[in-house]
Amino acid sequence: MATIPVENPATGATIREVPVTPPEDVAAVVERARQAQPAWEALGYAGRGQILKRAQQWLLQHADEVADTIVAETGKAREDALLVEIAYGVNALGFWPAKAPKWLADERVRTTNPLVLGRRMVVRYRPVGVVGVIGPWNYPLVNSVGDAIPALAAGNAVVVKPSEVTPLTSLLFERGLHECGLPEGVFQVAVGTGETGAVLIDHVDMVMFTGSTRTGRKVMERAAQTLTPVSLELGGKDPMIVLADADLDRAANAAVYYSMQNGGQTCISIERVYVEAPVYDQFVAKVTEKTKALRQGPPDGPGSVDVGAMTFPPQLEIVEQHVQQARDAGARVLTGGHRRAGAGRFFQPTIIADADHSMTAMREETFGPTLPIMRVQDADEAVRQANDSPYGLGAAVFTKDVAKGERLARRIEAGAVCVNDAAVNYLALELPMGGWKASGLGVRHGPAGLRKYTRQQAVMTYRLPLKRELHFFPYNARVTGLITRGLKLFFGRGSRRV
């Protein structure tokens, strides 16, 4: 059987060889899921919730083992595994079973159309069947596993195709779910390359994909062949706006954290900053000082490093290219700017001052520990520059004038905007999270992030049916005239009620 070696990017050592699911076996994997799904759905919200809440306790009890796995296969700092990934998973395993009965309950609908009065109308939600989750390498628990949890709560079976770079977390969670009583076939992991993921799209009933915009277009194109619905969270180039009246210490701390956390390998990382001219130099000095103090290297337990490794080898090349192009175009690299010497894949935490939109570091997704900063004259220019991007995933505004911050937030072309914060909206599962423009299609989180894993069905019931309706055959001029006058009476002169 073919295997894939999983490497620790912080050390270069091979952790484990993982068996591959060949593309020709994917159909059988999905068929097992399809056979298992009806019984899983039949358990109802309470039955499914019991198992998922047992999984919540399993994750808490196995937090160290799961964190060790995440750190080993991604090279991220242990705090990034614990405070982001495991905390997210624990919350999600309780949240979705609790919300599913409410958000997927039958909805009574009322009408103002006189032609359908007397009918009872209901919208109901049924699981789509088998959901294929194609996950990224940067957050193997938050994304690959995290997207499976609401799909399971809704009554679907799930097949996860994790990144071949980081498959171990999904496999470990699969073991945990089975230990908690999840029926065989309801959650399966198909390890493989992009070809395995492509074939998965052909057989499942819905696809949740997280990854680059380039690959997302390929996913959508493949899914179009079978009219398979997709939800896509794609690339980001999140802007941060710092106004002259902002608390500069908080803004600088947030800028450094949300650009460097997880090695900058987060879709909603701060990837560009626009600072009003009066405080530009002061802000740049603060973030440079804070970035120089960051510790980087192979994680060795809690609190050992701040910034971990670059998980995906090609990404290191992209970061290098963006920094060098900015340097060549006239930007000042105030700290960092190079690969870290020694074993492992590390890029130094980097501050780029005097950036502008001629630079790829300000235009294209970098996905690394860099922070390019641009001077702007005022808030209007900052918003214009923030919107001058093909991406629209998240954004942040920092100002002491909260009302002004909210007004600016409403002008930014992004699916989520934080005022005096950044990225933490992702942890509020009640809020929808989705990209505008080239950053995605559909949302995760919120009611819509659960309902996307379902099919809507409208049910209309005529409680006291007449033997014959006015509009039934045969047509005649007198009845048509009555209906016409009735429409004018009901809808004319603004009398229609809504």
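These legends go with several close-up views of a predicted model. Residue numbers start from 1 along each chain as its sequence is written, and side-chain values use heavy atoms, leaving out hydrogens and water. Since this is a predicted model, local features need pLDDT of at least 70 and side-chain atom pairs count only at pLDDT 80 or more, while totals for chains, interfaces and linings use all residues.

**View 1. An open sheet of seven strands with mixed pairing.** Going across, the order reads S12-S13-S14-S11-S10-S16-S17. Strands here are DSSP runs of E with at least two residues, helices are runs of H or I with at least four, and both are numbered from the N terminus. Two strands pair if DSSP finds at least two bridges between them. At the edges sit strand S12 (332-335) and strand S17 (416-419), each pairing on one side only. From one strand to the next, the twist averages 20°.

**View 2. Strands S10 and S11, paired in the parallel sense.** Five bridges link S10 (residues 238-242) with S11 (residues 270-276). To find your bearings, look for Asp 238, which stands opposite Ile 270 in S11.

**View 3. Two helices that pack on the sheet.** Helix H12 (residues 313-328) touches S12, strand S13 (350-353) and strand S14 (370-376). Contact means heavy atoms within 4.5 Å. The direction of H12 makes about 30° with that of S13; axes are lines fitted to C-alpha atoms, for helices over the stretch in contact, and angles run from 0 to 180 degrees between N-to-C directions. Helix H15 (residues 402-411) touches strand S16 (394-398) and S17, and its direction makes about 165° with that of S17.

**View 4. Strand S13 and its neighbours S12 and S14.** S12 and S13 run antiparallel and are joined by three bridges, with Thr 335 opposite Ile 351 in S13. S13 and S14 run parallel, again with three bridges, and here Thr 350 stands opposite Thr 370 in S14. Both faces of S13 are covered: Thr 350 and Ile 352 point to one side, Ile 351 and Ala 353 to the other, and all are buried (under 20% relative accessible area; exposed is over 50%, partly exposed in between, with a 1.4 Å probe and protein chains only).

**View 5. Helix H2 against helix H4.** The axes of H2 (residues 44-61) and H4 (residues 78-103) come within 9 Å and cross at roughly 165°. That makes H2 roughly antiparallel to H4 (angles over 145 degrees count as such, under 35 as roughly parallel, 65 to 115 as roughly perpendicular and the rest as oblique). On the H2 side, the contact includes Tyr 45, Leu 52 and Leu 59; on the H4 side, Ile 86, Val 90 and Leu 93 are among the residues involved. By class, the contact has eleven nonpolar, four polar and one charged residues. Nonpolar covers Ala, Val, Leu, Ile, Met, Phe, Trp, Tyr, Cys and Pro; charged covers Asp, Glu, Lys and Arg; the others, Gly among them, are polar.

**View 6. Some backbone oddities, in Asp 354, Lys 437 and Pro 474.** Asp 354 has a positive phi of about 60° although it is not a glycine. Asp 354 lies in the loop between S13 and helix H13 (360-363), and is partly exposed at 29% relative accessibility. Lys 437, in strand S18 (residues 436-437), has a positive phi too, near 55°, and is partly exposed with a relative accessible area of 38%. The peptide bond from Phe 473 to Pro 474 is cis, with omega near 0°; look for Pro 474 in the loop between strand S20 (454-462) and helix H17 (477-491).
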